[in-house]
Amino acid sequence: MQEIKRRYVIPGDKIIEGNYKPLMNVMKSGDYLISTRIGIAEAGKDGVKVIPLSGVYIPRVNDLVIGKVIDRSSLSWDIDINSCFFAHLPAQDVFGRDFSPARDDMGRQLNIGDLIIARIVSFDRTRDPMLTVQDKDLGKIPYGEFIKISPTRVPRLIGKRGSMIQTIEQATQTRVIIGQNGIVVVTGRDIEGLSLAVKAIKMVEEESHTTNLTQRVKSLLNVHDPSELEQSENALSSTAEVSNDALSSTAEVSNDALSSTAEVSNDALSSTAEVSNDAVSSSSSSSSSPTPPVTSNSSSQINLDTQEQSYSTAESQPQQQQQQQNFASVDSSNIKDDVEQSENDDASSNLADAYQKEKKQEANNEVV
Amino acid sequence: MNELTLIDEHGKRSDGRGIDDLRPIKITVGVIKNADGSAFIEFGKNKIIVAVYGPREVHPKHMALPDRCVLRCRYHMSPFSTDTRKNPAPSRREVEISKVIRESLEPSLILSDYPRAVIDVFVEVLQADGGSRCAGIIAASVALADAGINMRDLVSACAAGRLGDNIVLDINDLEDKEGDADMPVAYLPNIEQITLLQLDGKLSTSQFNECLNKAIQGCKLVYEIQKEALMKKYFGNELELKEEVV
């Protein structure tokens, strides 16, 4: 046995000599196995195959495909599955065995133009592919972002054991439905996440044959995140964000203060440590923005100051003690003000929530 | 007289080439986004663009074959491709060349893999300078590979001919008109089979053999350029076969 090899081939290239089993896009010619497509040849123990880099979709039984309803007869729908064959979805598959064209209105289930995800149940050289939607997660796709990629890029987009698509889904908080026929539908609530996912998918399509692609996709998603944050931070007042943080920390502190003063100091310590992280990012952003829109609320500014101090002096114990006092001295009126302010900036606080979510997501990614 | 003008005393031809020289060839793959596969070839002064669509559904339906794919080729010369305007309607010559291109490509394709479908090949000559059918075949084969259609081999093509007593490679427009014989050959370089052989003019048996061998040598040279063009499109600058142990 020769060692396992991978290499680039074009049609007609001799891949290997000897008695190997031709698996995919390979044909025997004399003693040699030759490639029939442009792609990456892999000669393994079980046989020789060429992973193609171009080509249209040819249906296979059990493939999951996304198709568009293009026509309807009295007993079935015709589905365009991005191939040279139109697929059929029998009405019995949707309505059950007792379907009657006279009684049941097919238009109530699927209309022309609808997008469905289905599985191919039968296809051979003599018949057009037959679909089914009788399975979990199959059926009509109500909404989403529609992308068409080359069907040959689908395995790369999915990645090894779904690694690539999981990366994209997690980083952008979207759900990506991939059909083997090269049609991809991305759904998600966050528009920015959607567009980022689309961008990542297009990148995978364009650079599918290059090495280290997962890393580059990850860097695309990660690199893009901070710029997104900057945008969101610029859009809303940085003070509002800070006040949010301050609100939570002061709320914690004051609650604890109510229960017991001994605990306050401990909790305040931890809360200052917590806040300090937030204060780093928020203070840096607030320093970058020339004039915070909301400056009338002095209490929130005090909070900001204390937080900054807490960060800068977190190392020395006596100063921390002083800050505990500062925090403890924050009265409930301050909190009220903060609440009002955050209510006024409803939209911006929503954005801030999104920002916090994203930060959590980032942390998750790092763990992953 | 003709011999004197076509080959000088130093063995140089009208455009400065030696008798065994090809015209400069440049192939670009994937120039048409809407097509499934495409290629643009500059073969000397020839400029030809080829687009491949398919496998796709056959229209009209009755043309479909139950056991294999239909290959349709259209060779067309643009009105501006020649010195005097060419009528854009398909001429007898174009219909014939469409047929010979189709027949020269067919053996390279595994058409039985796509029953009831059709593959359309459009060969559009933007500028003609003799040997456009060969250039069309070269580009069409590359475009078919770009479209990801199962193929046994690429098809390369080259003409050889006779100028007086000399057998020369790659006849150009002037040599085609003024020379004594022109023989376009299409060839499968790995399988070593000929898929097109035409001859216009007179050759003795020995001249024929020499001419055929020379044309096949030309095809092998052309094949390297085709291969390089495809590799460049799909694997970037890694023109060498990359081998790695997994």
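The exercises below, each with a worked solution, concern a predicted model with chains A and B.

**Exercise 1. The contact between the chains**

Determine how many residues each chain gives to the contact, and which elements of chain B take part.

Solution.
- Step 1: count by chain. Chain B supplies 31 residues and chain A supplies 25 residues.
- Step 2: assign the chain B side to elements. Those giving two or more residues are β3 (46-57), α3 (132-146), α5 (205-235) and β11 (244-245) of chain B.
- Step 3: rank them. α5(B) gives the largest share of this side, five residues.
- Step 4: sort by class. The side of chain B that touches chain A holds 17 nonpolar, ten charged and four polar residues.

**Exercise 2. Packing of two helices**

Describe how α3(B) and α5(B) cross, and identify the residues that make their contact.

Solution.
- Step 1: choose the descriptors. A pair of packed helices is described by the distance between the axes and the angle between them.
- Step 2: apply them. The axes of α3(B) and α5(B) come within 11 Å, and the crossing angle is roughly 35°.
- Step 3: add the hand. The crossing of α3(B) and α5(B) is right-handed.
- Step 4: list the residues. From α3(B) come B:I138, B:S141, B:V142, B:A145 and B:D146, and from α5(B) come B:V222, B:Q226, B:A229, B:L230 and B:K233.
- Step 5: classify them. Six are nonpolar, two polar and two charged.

**Exercise 3. The nonpolar core**

Find which residues touch the most other members of the largest nonpolar core, and list the contacts of B:V50 outside its sequence neighbourhood.

Solution.
- Step 1: the largest nonpolar core has 129 residues, and B:V50, B:A139 and B:A157 touch the most other members.
- Step 2: set aside the neighbours of B:V50 within four places in sequence. B:V50 is then in contact with B:S38, B:A39, B:V121, B:F122, B:V123, B:G136, B:A139, B:A140 and B:A143.
- Step 3: compare the two results. B:A139 is named among the core residues that touch the most other members and is also one of the contacts of B:V50.

**Exercise 4. Two strands of chain B**

Work out which side chains of β1(B) and β6(B) are buried, and which strands they pair with.

Solution.
- Step 1: recall the regular pattern. Side chains in a regular strand alternate between the two faces of the sheet.
- Step 2: apply it to β1 (residues 25-29) of chain B. B:I25, B:I27 and B:V29 point to one face and are buried, whereas B:K26 and B:T28 point to the other and are not.
- Step 3: find the partner of β1(B). It runs antiparallel to β2 (residues 37-43) of chain B, joined by five bridges, and B:I27 stands opposite B:I41.
- Step 4: turn to β6 (residues 156-163) of chain B. Eight of its eight residues are buried, so β6(B) is largely enclosed by the rest of the structure.
- Step 5: separate its two faces. B:S156, B:C158, B:A160 and B:R162 point one way and B:A157, B:A159, B:G161 and B:L163 the other, all of them buried.
- Step 6: find the partners of β6(B). It pairs antiparallel with β8 (residues 181-188) of chain B over seven bridges, with B:A159 opposite B:P184. It also pairs antiparallel with β7 (residues 166-169) of chain B over four bridges, with B:L163 opposite B:N166.
- Step 7: inspect the turn. β6(B) and β7(B) form a hairpin with two residues between them, and B:G164 in the turn has a positive phi of about 65°.

**Exercise 5. A sheet in chain A**

Give the strand order, edges and twist of the open three-stranded sheet in chain A.

Solution.
- Step 1: the order is β14-β16-β15, with antiparallel pairing.
- Step 2: the edge strands are β14 (145-148) and β15 (175-178) of chain A, each pairing on one side only.
- Step 3: from one strand to the next the twist averages 20°.
- Step 4: β14(A) pairs with β16 (residues 183-187) of chain A over four bridges; A:V184 is the bridge partner of A:I147.

**Exercise 6. Backbone exceptions**

Locate the cis peptide bonds before B:P55 and B:P60, and the positive phi values of A:N62 and A:D137.

Solution.
- Step 1: state the usual case. Most peptide bonds are trans, and most residues other than glycine have a negative phi.
- Step 2: the bond from B:G54 to B:P55 is cis, with omega near 5°, and B:P55 lies in β3 of chain B.
- Step 3: the bond joining B:H59 and B:P60 is cis, with omega about 0°; B:P60 is in the loop between β3 and β4 (70-77) of chain B.
- Step 4: A:N62 has a phi of about 80° and sits in the loop between β7 (48-52) and β8 (64-72) of chain A. A:N62 is exposed, with 10 other C-beta atoms within 10 Å.
- Step 5: A:D137 has a phi near 70° and is in the loop between β12 (127-132) and β13 (139-140) of chain A. A:D137 is exposed, with 8 other C-beta atoms within 10 Å.

Note on methods. Residues numbered from 1 in each chain as written. Chains lettered and ligands numbered in written order. Contact = placed C-beta atoms within 7 Å. Nonpolar A, V, L, I, M, F, W, Y, C, P; charged D, E, K, R; others polar. Core = buried A, V, L, I, M, F, W, Y, C linked by C-beta atoms within 7 Å. Buried ≥ 20, exposed ≤ 12 C-beta atoms within 10 Å, placed from the backbone. Pairing = 2+ DSSP bridges. Axes fitted to C-alpha atoms, helices over the stretch in contact; angles between N-to-C directions. Left-handed = near helix turned anticlockwise from the far one by under 90°.
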